[in-house]
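Please look through the following structure with attention first to how far its coordinates can be trusted, and then to the contacts made by individual side chains.

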Amino acid sequence: MLHRLHSNDTAFARALGSDRKGRISLALYIAAIPLTFISQWIGVAIYVLVAMIWFVPDRRFERVIEK
């Protein structure tokens, strides 16, 4: 939603970039659903992995602001 409010040449759009974390998280969530039917622990492990990914600070905005 915020991305639509800013044109592609703004600092916000440059900082947002391709949103790799978001795409990886979505792919892991999609994979977790069918894998949970095989083993509930696989699903739990994937959900924990996604949470751990988001605990790592995202420095994209800091890099753009510093420039």
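The predictor's confidence in each residue is expressed as pLDDT, on a scale from 0 to 100. The model is a predicted one, and its protein chain averages a pLDDT of 81, with 61% of the residues scoring at least 70. Among the elements of the chain, the lowest mean pLDDT, 60, belongs to helix 1 (residues 2–5), while the highest, 94, belongs to helix 4. Where pLDDT is low, the predicted coordinates should not be read in detail.

With that caution in place, we can turn to helix 3, which spans residues 20–38 and includes Ser25. The relative accessibility of Ser25 is 6%, and because buried means under 20%, Ser25 counts as buried. Once its neighbours within four places in sequence are set aside, Ser25 is in contact with Val50 and Trp54.

The aromatic rings offer a further view of the fold. The structure holds one aromatic pair, formed by Tyr29 and Tyr47, whose ring centres are 5.1 Å apart and whose planes meet at 40°, an arrangement classed as tilted. This pair links distant parts of the chain, since Tyr29 lies in helix 3 and Tyr47 in helix 4 (residues 40–55), with the two positions 18 residues apart in numbering.

Are these two tyrosines, Tyr29 and Tyr47, buried, exposed or partly exposed? Tyr29 has a relative accessibility of 35% and therefore counts as partly exposed, and Tyr47, with a relative accessible area of 39%, is partly exposed as well.

How values were computed:
Residues numbered from 1 in each chain as written. Predicted model: local features only at pLDDT ≥ 70, side-chain atom pairs only at ≥ 80, totals over all residues. Heavy atoms only, no water. Helix = DSSP H or I, 4+ residues; strand = E, 2+ residues; numbered from the N terminus. Buried < 20%, exposed > 50% of the residue type's maximum accessible area, 1.4 Å probe, protein only. Contact = heavy atoms within 4.5 Å. Phe/Tyr/Trp six-rings, centres within 6.5 Å; stacked < 30°, edge-to-face > 60°.
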